[in-house]
Amino acid sequence: MERTLILLKPDAVERRLCGRIMARIEDRGFKFAGVKMLKVTPELSRQHYAEHVSKPFYPLLESFITSGPIIALCVEGPEAVRVMRDMMGKTNCRDSAPGTIRGDFGLSRQMNLIHGSDSIESAAREIAIYFKPEELIATTSALEPWLYASD
Ligand code: UDP
């Protein structure tokens, strides 16, 4: 079982798409270990996007990610990091395949609705930025053998 950090960015909140995106995540069989609505501060943005702070697009990214509330999700399930990245699509919504979240709901490279950790190491770092350990709740469901059976 693996956990990943998903953010529903300000455009997803503003466009009232959060429920539909969260439904896709649950429909796939993942569960939420943590759910939180918050506003990203410039400090939090720099911490989260540490690898991008010196890039030319960072100032615009910071103004976008701090422009309104977001929803942070800790998503749990088998290969959650990789499978969620596949469900999200490519960074540029216009390059994303139909059936992906970005490919179905967006046309922008910056306002691309959703963030997902890109590795297990990033997931651990990012989950710790948004959630205290006691805010993450482990649950089990009788459905799991049906959802997660290995082949
Ligand atoms: N971004 C942008 N312009 C770019 C590249 C990225 O505004 O040229 C934004 C976009 O919102 C993206 C975020 O910066 O989601 C982080 O970029 P990354 O390359 O990590 O993309 P992701 O992993 O989110 O697909």
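A residue is buried if 20 or more other C-beta atoms lie within 10 Å of its own. With that cut-off in hand, welcome to a quick tour of this predicted model. By this count, six of the seven residues of strand 1 are buried, so strand 1 is largely enclosed by the rest of the structure. Strand 1 belongs to an open sheet of four strands, and the residues around the ligand include His115, which lies in strand 4 of that sheet.

**The sheet**

- The four strands follow the order 2-3-1-4, with antiparallel pairing.
- Strand 2 (31-39) and strand 4 stand at the edges; each has a single partner strand, so one side of each is left without a neighbour in the sheet.
- On average, neighbouring strands here are turned by 20° against each other, direction ignored.
- In a regular strand, side chains alternate between the two faces of the sheet.

**How the strands pair**

- Eight bridges join strand 2 to strand 3 (residues 69-77) in the antiparallel sense.
- Within that pair, Leu38 stands opposite Ile70 of strand 3, and Lys39 has Pro69 of strand 3 as its bridge partner.
- Strand 1 is antiparallel to strand 3 as well, over seven bridges; Thr4 stands opposite Val75 in strand 3.
- Strand 1 also pairs with strand 4, again in the antiparallel sense, over three bridges.
- Leu8 finds its bridge partner in strand 4, namely Ile114.

**Helices against the sheet**

- Helix 5 packs on the sheet and touches strand 1, strand 3 and strand 4.
- The direction of helix 5 makes about 30° with that of strand 1.
- Helix 7 (residues 120-130) packs on the sheet too, touching strand 1, strand 2 and strand 3.
- For helix 7, the angle to the direction of strand 1 is about 60°.

**Around the ligand**

- If you are setting up a look at the ligand, the residues around it are His52, Phe57, Leu61, Thr91, Arg109, Gln110, Asn112, His115 and Asp118.
- This shell divides into two nonpolar, five polar and two charged residues.

**His115, the annotated active site**

- An unreviewed UniProt entry gives the annotation "active site" to His115.
- His115 is buried because 21 other C-beta atoms lie within 10 Å.
- Leaving aside residues up to four places away in sequence, His115 touches Ile6, Leu7 and Lys9.
- Lys9 is also among the positions that UniProt (unreviewed entry) lists under "binding site".

**The annotated binding-site positions**

- The UniProt feature "binding site", from an unreviewed entry, is placed at Lys9, Phe57, Arg85, Thr91, Arg102 and Asn112.
- Of these names, Phe57, Thr91 and Asn112 also appear among the residues around the ligand.
- Asn112 sits in the loop between helix 6 (101-105) and strand 4 (114-116).
- Asn112 is buried, because 24 other C-beta atoms lie within 10 Å.
- Apart from residues up to four places away in sequence, Asn112 touches Thr91, Cys93, Arg102 and Gly106; Thr91 and Arg102 are themselves among the "binding site" positions taken from UniProt.
- Arg85 is found in helix 5 (residues 80-88), the helix that touches strand 1, strand 3 and strand 4.
- Arg85 is partly exposed, because 17 other C-beta atoms lie within 10 Å.
- Again leaving out residues up to four places away in sequence, Arg85 touches Gly116 and Asp118; Asp118 is one of the residues around the ligand.

**Away from the ligand shell list**

- Gly19 is found in helix 2 (residues 18-28).
- Gly19 is exposed, because it has 10 other C-beta atoms within 10 Å.
- Gly19 and Ala124 are 105 residues apart in sequence, and their C-alpha atoms are 25 Å apart in space.

Note on methods
Residues are numbered from 1 along each chain as its sequence is written. This is a predicted model: local features need pLDDT of at least 70, side-chain atom pairs count only at pLDDT 80 or more; totals for chains, interfaces and linings use all residues. UniProt positions are given in the numbering used here, feature names are shortened, and annotations may be inferred rather than shown by experiment. Helices (H or I, at least four residues) and strands (E, at least two) are DSSP runs, numbered from the N terminus. A residue is buried if 20 or more other C-beta atoms lie within 10 Å of its own, exposed if 12 or fewer, and partly exposed in between; C-beta atoms are placed from the backbone. Two residues are in contact if their C-beta atoms, placed from the backbone, lie within 7 Å. Two strands pair if DSSP finds at least two bridges between them. Axes are lines fitted to C-alpha atoms, for helices over the stretch in contact, and angles run from 0 to 180 degrees between N-to-C directions. A residue is near a molecule or strand if its C-beta atom, placed from the backbone, lies within 6 Å of it. Ala, Val, Leu, Ile, Met, Phe, Trp, Tyr, Cys and Pro count as nonpolar, Asp, Glu, Lys and Arg as charged, and the others, Gly among them, as polar.
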